[in-house]
Amino acid sequence: MPALPLDEAGKYVAAAYLVFLTLIVVYVAIIGAKISRIDRELGELVELTDEEPAPGGP
Amino acid sequence: MYSKGSRPLAVATVLTVLAGFALVFFYAPLDADQGFVQKIFYVHVPMAIVALCGFVAGGIMAIKHLRTGDRSWDMRSYVAIHLSIILGTGVLVTGAIWAKASWGHWWLWDEPVLVSFLIVFLLYCVYYPLRFSIEDPDRQARYSSVFAIAAGAFVPINFAAVRLAEQVTHPRVLSQTGGNLPGEMRLTFFVCIAAMALLFVTLWKLELTSKHASAQLRRLRARLELRAEERTAGPATASLR
């Protein structure tokens, strides 16, 4: 097949690079969501330990 | 545990990826045969190479798990395979786009390189149902490691078999003579491979850090709940005496 003209080839190249970037962005977003969930749960645990009476206390 | 050295690694990854993109679009010459469409090569081939190396690395980590009994190696193996499957999805999609642009077809079933990669990809898709159908954590880790080793050994065998097969349409990139890439293209290609490998290691460490933190949090919660139960049960036990 002869080489595609630049305006037509550009669409394919853009699509391929967009697929790659989308995969990375979605992956990082999912990991980011997991880390924010860990942060929230950690905050809950800190609150829980703050409510506990100190050992040996009244 | 896993986050050590993550920051310089992330900086190196971003810089290498940006350098790779800059080389692809501003330095590497246009291909005489395919023209601008050939730029897909710089994302498609590094993704394929890193994905296949990730599968093999997953198998090596699984060997470490079976030899040492340390479950953290199973987790490393799982994350490497998981990331390789994500990259494999990218390889199949970008490959189909490139095939459509240069051959006029999304897929060719008589092309050994394409079909063999699809077989490897589908083989590893079986890893998830196998792993998550086993509830006992030790058995899950052991069976997953056995699968990762067997499938990891299949990857280079499959690669060699395809190299021996007659070339139909798909070009051969890596050869003993260094391929047919001119200097600028070869430099760009190697920078793109380095960028993809660094991206893989960065994301692998990021996911391992997240999984490790999550596991530690679960342990901490369980320990606090146990302590709270002991405290509420304590006075009741004391009054019975």
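These are my notebook entries on a helix, a surface patch and a cavity in this structure.

**Setup.** I am working from a predicted model, where local features need pLDDT of at least 70, side-chain atom pairs count only at pLDDT 80 or more, and totals for chains, interfaces and linings use all residues. Residues are numbered from 1 along each chain as written, chains are lettered from A in the order written, and side-chain values use heavy atoms without hydrogens or water.

**Helix α1(A).** I looked up α1 of chain A, residues 6–51 (helices are DSSP runs of H or I, at least four residues, numbered from the N terminus). Its 46 residues reach 66 Å from first C-alpha to last, close to the 68 Å expected at 1.5 Å a residue. The expected span is 1.5 Å times one less than the number of residues. I then listed its buried residues (under 20% relative accessible area, 1.4 Å probe, protein chains only). Among them are Tyr12(A), Tyr17(A), Phe20(A), Ile24(A) and Leu45(A).

**Leu42(A).** Leu42(A) also sits in α1(A). Its relative accessible area is 39%, so I log Leu42(A) as partly exposed (from 20% to 50%).

**Cavity.** I searched the whole structure and got one cavity of 30 Å³ or more. A cavity is a set of points on a 1 Å grid over the protein atoms alone where a 1.4 Å probe fits but cannot get out; lining residues have an atom within 4 Å of a point. The largest cavity has a volume of about 100 Å³, the space filled by probe spheres set on the points. Its lining includes Tyr17(A), Phe20(A), Phe21(B), Tyr42(B) and Met196(B). Which helix gives the most to this lining? I found α1(B), with five residues.

Notes. Helices (H or I, at least four residues) and strands (E, at least two) are DSSP runs, numbered from the N terminus. On a 1 Å grid over the protein atoms alone, a cavity is a set of points where a 1.4 Å probe fits but cannot get out, and a pocket is an open set with protein on both sides within 12 Å along at least five of seven lines; lining residues have an atom within 4 Å of a point.
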